[in-house]
Amino acid sequence: MELISIPDMPFISHPAPQFVLPPQPHLLSTLMKRDQLVVDEENFLNLAGIDPMPSPAELRKQLPIDALAAQTVSIGRRTVRNILERRDPRLLVVVGPCSIHDPKAGLEYAHRLQQLATELADTLYIVMRVYFEKPRTSIGWKGLINDPDMDNTFRIADGMQHARNFLLEVNRLGLPAAAEALDPVSPHYLGELISWVAIGARTTESQTHREMSSGLPMPVGFKNGTDGGVETAVNAILSTSRPHAFLGIDSDGRAAIIRTRGNAHSHLVLRGGSSRPNYDSVSVAMAEGALAKARLAPNIIIDCAHGNSSKDHRRQAAVLSDLVHQIRRGNRSILGSMIESFLEPGNQPIPSDLTQLRYGCSVTDACVDWDATAAMLRDAAAQLRDALPTRINTDTAPHTCTTGMQ
Ligand SMILES: O=C[C@H](O)[C@H](O)COP(=O)(O)O
Ligand SMILES: C=C(OP(=O)(O)O)C(=O)O
């Protein structure tokens with residue numbers, strides 16, 4: 001198409017011009033040279049701004065990982081892999097606040113949890129749930145990274161800095177951390193400080209998250225979908241175990257082609273569904289069947305919260321107790337559990353005056369309080385102590401994705 005008539009056209013006019021520009025790259029670039037504003041109006045229609053962000057390499061330099069934190073991460077990832085491979089008989093327990101909104105309260109929780117983790121270390125392998133990114137069903141606060149001041153100012157650069165700082169502190173205690181990987185850019189900033197990752201019920205079906213997980217260095221748990229079906233998660237585990245190539249960024253924040261090897265330690269997390277829980281022995285047997293059909297390892301973690309407790313924190317203890325009984329009765333596929341727990345019970349709405357926030361109480365899903373958490377975990381450890389040694393691997397069945405696949 002010739003552009004001869006374009007300089008005379010009243011492009012920036014209201015109402016919009018009568019004709020539609022054909023989508024031809026050469027035409028677009030010519031227009032960009034002639035009148036940037038025309039193109040901006042067209043392509044920035046729904047954008048309010050693009051602000052700079054430090055690159056992952058810059059933030060990592062500003063808040064570097066130290067030897068102590070690196071050792072915690074290394075031991076954390078190795079131990080979770082060993083649990084998935086039946087080399088370590090302990091029950092993995094991912095426990096902590098639904099979301100971190102107040103680093104001070106979060107760290108107080110981490111100190112208490114570290115002591116409990118040491119006390120129960122013969123039976124339970126405790127990893128702190130450190131969730132900074134919240135996937136919302138519709139709208140709501142999206143976590144400390146997205147809006148650290150909880151006032152819709154969305155200071156994401158500050159949020160990322162707080163998140164990295166917090167993870168450093170937790171790891172320095174010798175307590176490994178678990179997080180949901182929601183935004184595919186975030187692991188570039190935080191991944192080296194995380195020992196276990198969840199892909200949430202709302203993103204397990206996403207190809208972007210499966211590709212990302214295939215290159216992550218830690219074991220990844222895929223939640224079943226919000227409808228309760230496990231097929232999406234089974235497909236995700238299959239996909240993630242394979243190599244992928246996809247668009248991403250490098251540590252300097254430049255667009256890059258990322259090539260992955262595949263993650264052999266992805267597994268299923270049963271979190272219940274909108275209509276019913278799926279932690280019971282029949283649901284677990286069905287999940288084992290779905291994994292076997294796909295030639296995947298029978299590796300299952302049970303989330304005591306979400307659809308398995310109808311988001312009622314008081315029901316989480318019953319779910320934990322049930323899965324412990326399944327293990328005592330000989331179940332070999334349940335390798336871990338998740339608990340939403342904080343200093344105080346329940347949850348609270350985010351008030352407009354943040355000084356009204358109740359210290360140590362969740363601002364997202366309701367949590368079990370500290371004393372109840374400690375009681376639940378001590379009880380689980382006591383029940384499991386004599387049942388675990390029989391779970392060490394002595395057979396030849398597949399225990400990670402790749403050994404289970406042809
Ligand atoms: O764990 C957290 C919530 O269940 C998740 O972020 C969804 O929350 P919402 O349904 O309140 O948006
Ligand atoms: C959002 C979460 O879980 P799910 O993806 O199971 O809803 C969560 O654990 O914070």
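Ligand 1 is surrounded by Cys98, Lys134, Pro135, Arg136, Thr137, Gly140, His306, Thr364 and Asp365. Sorted by class, this shell holds two nonpolar, four polar and three charged residues. I should state at once that the model before you is a predicted one.

Let me turn to ligand 2. Its surroundings consist of Cys98, Tyr131, Pro135, Glu180, Gly200, Ala201, Arg202, Lys223, Arg271 and His306. Here the shell divides into four nonpolar, two polar and four charged residues. Cys98, Pro135 and His306 appear in the surroundings of ligand 1 and also in those of ligand 2.

With the ligands in place, I come to the chain itself. It contains 12 helices and 10 strands. Of its 406 residues, 43% are buried. Consider next the contacts between residues at least 6 apart in sequence: 69% of these join residues at least 24 apart.

How are the strands of the barrel ordered? They follow the sequence E1-E2-E3-E4-E5-E8-E9-E10, eight strands in a closed barrel with parallel pairing. From one strand to the next, the twist averages 30°. As a general remark, strands of a sheet pair through backbone hydrogen bonds, either parallel or antiparallel.

I shall now walk along part of this barrel, beginning at strand E4, residues 196-199. E4 pairs with E5 in the parallel sense, over three bridges. Within that pairing, Ile199 is found opposite Phe222 of E5.

Strand E5 spans residues 220-223. Both of its faces are covered: Val220 and Phe222 are buried on one side, and Gly221 and Lys223 are buried on the other. Lys223 has already been mentioned, as a member of the shell around ligand 2. Towards E8, strand E5 runs parallel and is joined by four bridges. In this pairing, Gly221 lies opposite His267 of E8.

Is strand E8, residues 266-270, enclosed by the rest of the structure or exposed? Five of its five residues are buried, so E8 is largely enclosed by the rest of the structure. In general, the side chains of a regular strand alternate between the two faces of the sheet. In E8, one side carries Ser266, Leu268 and Leu270, the other carries His267 and Val269, and all of these residues are buried.

The next neighbour is strand E9, residues 300-303, which pairs with E8 in the parallel sense over three bridges. Val269 has Ile301 of E9 as its bridge partner. E9 pairs in turn with strand E10, residues 334-340, again in the parallel sense, through four bridges. There, Ile300 is placed opposite Ile334 of E10.

One residue of strand E1 deserves individual attention. Leu91 belongs to E1, which covers residues 91-96. Why does Leu91 count as buried? The reason is that 27 C-beta neighbours lie inside 10 Å, where 20 or more are required for a residue to be called buried. Leaving aside residues up to four places away in sequence, Leu91 touches Thr123, Leu124, Gly336, Ser337 and Leu384. There is also a link across the sequence: the C-alpha atoms of Leu91 and Leu388 are 8.3 Å apart, although 297 residues separate them along the chain.

I close with two helix pairs. Helix H4, residues 67-84, and helix H6, residues 156-172, have axes that come within 8 Å and cross at roughly 75°. The two helices are therefore roughly perpendicular to each other. H4 contributes Leu68, Ala69, Thr72 and Val73 to the contact, while H6 contributes Leu168, Asn171 and Arg172. By class, these residues are four nonpolar, two polar and one charged.

The second pair is helix H11, residues 316-328, with helix H12, residues 370-384; they pack at an angle of about 10°, and their axes are 10 Å apart. That angle makes H11 roughly parallel to H12. On the H11 side the contact is made by Ala317, Leu320, Val324, Ile327 and Arg328, and on the H12 side by Ala372, Met376, Ala380, Gln383 and Leu384. This contact comprises eight nonpolar residues, one polar and one charged. Leu384 also figures among the residues that Leu91 touches.

Technical notes. Residues are numbered from 1 along each chain as its sequence is written. Chains are lettered from A and ligands numbered from 1 in the order in which they are written. This is a predicted model: local features need pLDDT of at least 70, side-chain atom pairs count only at pLDDT 80 or more; totals for chains, interfaces and linings use all residues. Axes are lines fitted to C-alpha atoms, for helices over the stretch in contact, and angles run from 0 to 180 degrees between N-to-C directions. Angles under 35 degrees count as roughly parallel, over 145 as roughly antiparallel, 65 to 115 as roughly perpendicular and the rest as oblique. Two residues are in contact if their C-beta atoms, placed from the backbone, lie within 7 Å. Ala, Val, Leu, Ile, Met, Phe, Trp, Tyr, Cys and Pro count as nonpolar, Asp, Glu, Lys and Arg as charged, and the others, Gly among them, as polar. A residue is near a molecule or strand if its C-beta atom, placed from the backbone, lies within 6 Å of it. A residue is buried if 20 or more other C-beta atoms lie within 10 Å of its own, exposed if 12 or fewer, and partly exposed in between; C-beta atoms are placed from the backbone. Two strands pair if DSSP finds at least two bridges between them.
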